[in-house]
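Please open the model in your viewer and keep the sequence panel at hand. The tour proceeds from strand pairing to the ligand and then to a separate hairpin.

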Amino acid sequence: MIWPFDRIWPLDVVVDKAERNHTRRMAELHAFSFTRPWTDGEFDDLLDQKTVYGFTARELRWGKTDILGFVLVRAAADEAEILTIAVAPRWQGRGIGRRLMDKVLARAHGDRTESVFLEVDENNNPAVRLYRKLGFIQVGGRPDYYRDSAGQRSSALVMRRDLR
Ligand SMILES: CC(C)(COP(=O)(O)OP(=O)(O)OC[C@H]1O[C@@H](n2cnc3c(N)ncnc32)[C@H](O)[C@@H]1OP(=O)(O)O)[C@@H](O)C(=O)NCCC(=O)NCCS
């Protein structure tokens, strides 16, 4: 079977702990996807917090490492919250978000976390589908929580995945 060029899978993707030297690229990826981008300083501050951890998906190609996506999580007592997740636009839909989330759930399981929470825009179909596929269920909502660049408002869904 011949794959169309834009569907070529990243060759060698490793999903591993997010480090301080990844934050510039994390801020760049965040800015591609969100109307209120976080700075690399904000990512540094978050990663410096003991309760915050993250993972980056990195591809090694022609001797250079590129960060294709990341996820950040805050753990508190027996719960964890997904703070943000983003995959580079041209690499979306290739299983990277799924691998990042699998890593979070494995870590949360290892930490004996009871539940993982997140908030997502009700109109963000790719993200909502991904979370539902991973077993997250809607447990609440925040009406008119988001506003897009055109001023259009939408609600946040609060979702939870129980681990025990
Ligand atoms: C949401 C996001 C992280 C998903 O990452 P991804 O690498 O594109 O997702 P995956 O390729 O791992 O897809 C996993 C599942 O998500 C869903 N999905 C992904 N892209 C989709 C799309 N364009 N349309 C519908 N569903 C989609 C599907 O259920 C898919 O499973 P399937 O391929 O078996 O059907 C990514 O799209 C992204 O960075 N979006 C912009 C930032 C964002 O919205 N973050 C979430 C904020 S809560």
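Begin by selecting Thr-56, which stands opposite Phe-70 in strand 3. This is a predicted model, in which local features need pLDDT of at least 70 and side-chain atom pairs count only at pLDDT 80 or more, while totals for chains, interfaces and linings use all residues. Residues are numbered from 1 along each chain as its sequence is written, and side-chain values use heavy atoms, with hydrogens and water left out.

Next, display strand 2 (residues 52–61) together with strand 3; the two run antiparallel and are joined by ten bridges. Strands here are DSSP runs of E with at least two residues, helices are runs of H or I with at least four residues, and both are numbered from the N terminus. Two strands count as paired if DSSP finds at least two bridges between them. At the turn of this hairpin, which has two residues between the strands, select Trp-62, whose phi is positive, near 50 degrees.

Continue to strand 3 (residues 64–76) and strand 4, an antiparallel pair with eight bridges. Two pairs are worth selecting: Arg-74 stands opposite Glu-81 in strand 4, and Gly-69 has Val-87 as its bridge partner there. In the hairpin of these strands, again with two residues between them, Ala-77 takes a positive phi near 50 degrees.

Now keep Glu-81 selected and add Phe-117, its bridge partner in strand 5. Strand 4 and strand 5 run parallel and are joined by three bridges.

Val-87 leads to the ligand. Which residues come nearest to the ligand? Of the 21 residues around it, these are Val-87, Gly-95, Gly-97, Asn-124 and Lys-133; a residue is near if one of its heavy atoms lies within 4 Å. Inspect three polar contacts, that is, pairs of N or O atoms within 3.5 Å. A backbone N or O atom of Gly-95 is 2.6 Å from a ligand oxygen, and a polar backbone atom of Gly-97 is 2.7 Å from a ligand oxygen. At Asn-124, a polar side-chain atom lies 2.6 Å from an oxygen of the ligand. The protein buries 75% of the 920 Å² that the ligand exposes when taken alone, by the Shrake-Rupley method with a 1.4 Å probe.

Colour the shell by element: strand 4 (79–87), helix 3 (96–110), strand 5 (115–121) and helix 4 (125–133) each give two or more residues. Helix 4 supplies the largest share, six residues. Recolouring by residue class shows ten nonpolar, six polar and five charged residues, with Gly counted as polar and Asp, Glu, Lys and Arg as charged.

Finally, move to strand 6 (residues 137–147) and strand 7 (residues 153–162), which run antiparallel with seven bridges. Select Gly-140 and, opposite it in strand 7, Val-158. The hairpin has five residues between the strands, and Gly-151 takes a positive phi near 85 degrees.

Definitions and conventions. Polar contact = N/O pair within 3.5 Å; in protein donor to acceptor, adjacent residues only side chain to side chain.
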